[in-house]
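Let's walk through this model together, starting from one helix and working outwards to the chain and its empty spaces. Please keep the structure open as you read.

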Amino acid sequence: MEILQSKLSISISNIFLSDQLLCRFYDKVPSTHTTLDISDTTTSEVILNVEKMRSELGIMVLNKEQFLVAKNNINLKELEIFQVEKSPFSIHFHQDHPLAKKEKIYSQDLFGYTYLHFPYDFYSYINFFNKDQIQCSDFPKTLTCNHHHSIISLMKGRDTFVKGHLFQADELKSAGILTRTIEDITDPVAMVYVKRKREELSPNGKLFLELFANYYASQGPPSASEEF
């Protein structure tokens with residue numbers, strides 16, 4: 001039977017979703033008229049949106065400390081969190097940035113440049129750049145922007161950098177944005193998704209989640225029990 005209309009609402013934080021992933025979803029969704037509602041927001045808002053049923057799925061990239069705090073918070077809200085894959089902590093900057101000339105980059109090298117980031121939330125303060133526990137909020141020069149694609153524009157030809165991971169390296173490369181790991185930051189980050197515990201996903205939710213997990217996971221299916 002032909003499906004005329006369908007919708008999928010998701011919230012994302014700390015990730016530029018792959019264009020290829022979104023196109024695969026569009027190609028496979030069975031409805032004639034489809035609404036894909038994607039909210040780029042903070043980690044706290046992702047969790048809240050799923051809890052309040054404003055989003056069916058929440059996708060985030062978290063470090064170990066953020067993950068443990070989020071997991072405890074999520075368990076109290078009748079939600080569940082699944083880890084998909086890990087990545088080394090990385091930074092992103094334009095190919096003309098002075099950092100592009102460095103063979104190796106250390107966390108102290110970043111303090112002469114502008115830290116470009118999404119608005120802070122609770123989880124932003126559980127975010128350290130190195131073993132000395134220098135917080136992201138400690139940078140002397142910052143630029144806050146609440147729109148992911150504008151963040152890409154603000155990296156072009158400027159002294160800005162964005163913290164990130166390898167999950168989005170290919171996506172950013174096409175815009176002239178480089179991705180480099182930091183020599184003295186060895187703890188990984190993890191891509192996770194959040195859903196409501198006692199609610200079956202919609203057909204569109206199941207389709208998107210399957211495509212999402214297959215696109216990003218390289219070490220088997222997502223696990224609810226797997227941790228850092």
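In helix α3, the buried residues (under 20% relative accessible area with a 1.4 Å probe, protein chains only) are Q66, F67, A70, K71 and I74. Looking down the axis of α3, you will find these buried residues within an arc of 130°, so they line one face of the helix; the arc is taken over the directions from the helix axis to the C-beta atoms. Turn to the other side of α3 and you meet N72 and L76, which are exposed (over 50%). The cover over the buried residues of α3 includes α2 (43-51), β3 (57-63), β4 (79-94) and β9 (188-196). As for its length, α3 spans residues 64-76, 13 residues in total, and reaches 19 Å from its first C-alpha to its last, close to the 18 Å expected at 1.5 Å a residue. That expected span is 1.5 Å times one less than the number of residues.

A word on the ground rules: this is a predicted model, where local features need pLDDT of at least 70 and side-chain atom pairs count only at pLDDT 80 or more, while totals for chains, interfaces and linings use all residues. Residues are numbered from 1 along each chain as its sequence is written, and side-chain values use heavy atoms, with hydrogens and water left out.

Now step back to the whole protein chain. Its secondary structure comes to 6 helices and 9 strands, which are DSSP runs numbered from the N terminus (helices H or I, at least four residues; strands E, at least two). Of its 228 residues, 48% are buried. Among contacts (heavy atoms within 4.5 Å) with a separation of 6 or more, 81% join residues 24 or more positions apart.

What about empty space? A search of the whole structure finds 1 cavity of 30 Å³ or more, a cavity being a set of points on a 1 Å grid over the protein atoms alone where a 1.4 Å probe fits but cannot get out. About 40 Å³ of space lies in this largest cavity, where volume is the space filled by probe spheres set on the points. Its lining (residues with an atom within 4 Å of a point) consists of E56, K195, R196, E199, E200 and L201. These divide into 1 nonpolar, no polar and 5 charged residues, with Asp, Glu, Lys and Arg counted as charged, Ala, Val, Leu, Ile, Met, Phe, Trp, Tyr, Cys and Pro as nonpolar, and the others, Gly among them, as polar.

Technical notes:
1 Å grid on protein atoms, 1.4 Å probe; cavity = no way out; pocket = protein on both sides within 12 Å on 5 of 7 lines; lining within 4 Å.
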